[in-house]
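Biologist: Could you take me through one part of this protein up close? I'd like to hear about the largest nonpolar core and what goes into it.

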Amino acid sequence: MTDKEQYRELCTKEPSIPIFSRDWWLDCVCGENQWDVLLYFSDGCPEAIEAAFPFYTPYKKGITMPAFTQTMGIWFNPNFGKENYSKNLLRKQNICEQLIRNLPEHTYFIQNFHYLFTDWLPFYWKGYRQTTRYTYILPDIQNIAEIEKNRSYNIRQNIHKARTKYQMEMKSRLSADSFLEINAKTYERQRKKAYQSKILRRLIETAYARNQGNTWGAFDPDGRLHAAVFVVWQENCAYYIAGGSDPIGRKSGAHLLVLSEAIRAVSNVSASFDFEGSMIPGVERVFRSFGALQKPYFTISKGNRPWIRAAVKALRNCFSTRQA
């Protein structure tokens, strides 16, 4: 079996692999033939996978991030590393060094690493750069009453306004066409072209088929869709992927209402909720006002700076509709 075949098998049985690094997600956002993975096998148990490093190569000698994908990077198997802190740190550094050596030849590299990856020194030693970004997490969302109590007064008032003054009706599992239409309106407001709508449609349809994602929309009494969000999940975490709102929906508080309803719904299937963060001040403020905790994560890069700037710009476009 190839590393990729073994990794696909691992994804079917290992719950700790983040959703953005799973084979089905990568097939959707990269295409089956444009991503690959490096595996590190345990010295003590040669058949056991101790770490994995999936990567996306859309261009010759270029490794970058696919659309709608917050993080990739190196995943460490939590079933290993039971030794003391110093030995565990050294073990992970040695694994990183080997995986970096085994990457395909590249002139530029940029990846966001999951916030659980906390030591980028092996990349620094090899000449890579690092920028810290932030996401916002709601932990323990099963305790939904406590989660909702911790929201700011302004968030709670806007949600109440959407329910009472504007009499919003919630519906889930919107058609992909309906969601893409409302998603495009957010880009229109920013005078931008809708971002990767074909990939977003494929993600929605695949998540529906796998029962790992849903859309929620807020409709006024006349049946007009004011706002919608798309969320995916697995057992350990749910993720806010994309959203959109009609200009009037921003005044009604509908976007905050659908986000609130989505969090309440996924509290039955996931342990936490990841807003996927934003470096935009107004968006960051909204996510923080939901009571979410700030989590730093690394963007690690190397190579031709113009290519890096273009990749960063693409990532910003991807995340620009996750706002309320």
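Modeller: Here is a walk through that core, with a little context around it. Bear in mind that this is a predicted model, where local features need pLDDT of at least 70, side-chain atom pairs count only at pLDDT 80 or more, and totals for chains, interfaces and linings use all residues. Residues are numbered from 1 along each chain as its sequence is written, and side-chain values use heavy atoms, with hydrogens and water left out.

By nonpolar core I mean a set of buried Ala, Val, Leu, Ile, Met, Phe, Trp, Tyr and Cys residues joined through side-chain atoms within 4.5 Å; buried is under 20% relative accessible area (1.4 Å probe, protein chains only). The largest one has 45 residues, and Tyr-7, Trp-25, Phe-68, Phe-230 and Ile-241 touch the most other members. Among the elements giving it two or more residues are helix 1 (3–11), helix 2 (23–30), strand 9 (225–234) and strand 10 (237–245); helices (H or I, at least four residues) and strands (E, at least two) are DSSP runs, numbered from the N terminus.

Now zoom in on Phe-230. Setting aside neighbours within four places in sequence, Phe-230 is in contact (heavy atoms within 4.5 Å) with residues including Phe-179, Leu-200, Leu-203, Ile-204, Ala-207, Tyr-239 and Ile-241. A second, separate core holds 32 residues, including Ile-147, Val-286, Phe-290 and Ala-292.

As for the whole protein, there are 12 helices and 12 strands, and buried residues make up 54% of the 324 residues. Helix 10 is largely enclosed by the rest of the structure, because 11 of its 13 residues are buried, among them Leu-256, Leu-257 and Glu-261.

Conventions: Buried < 20%, exposed > 50% of the residue type's maximum accessible area, 1.4 Å probe, protein only.
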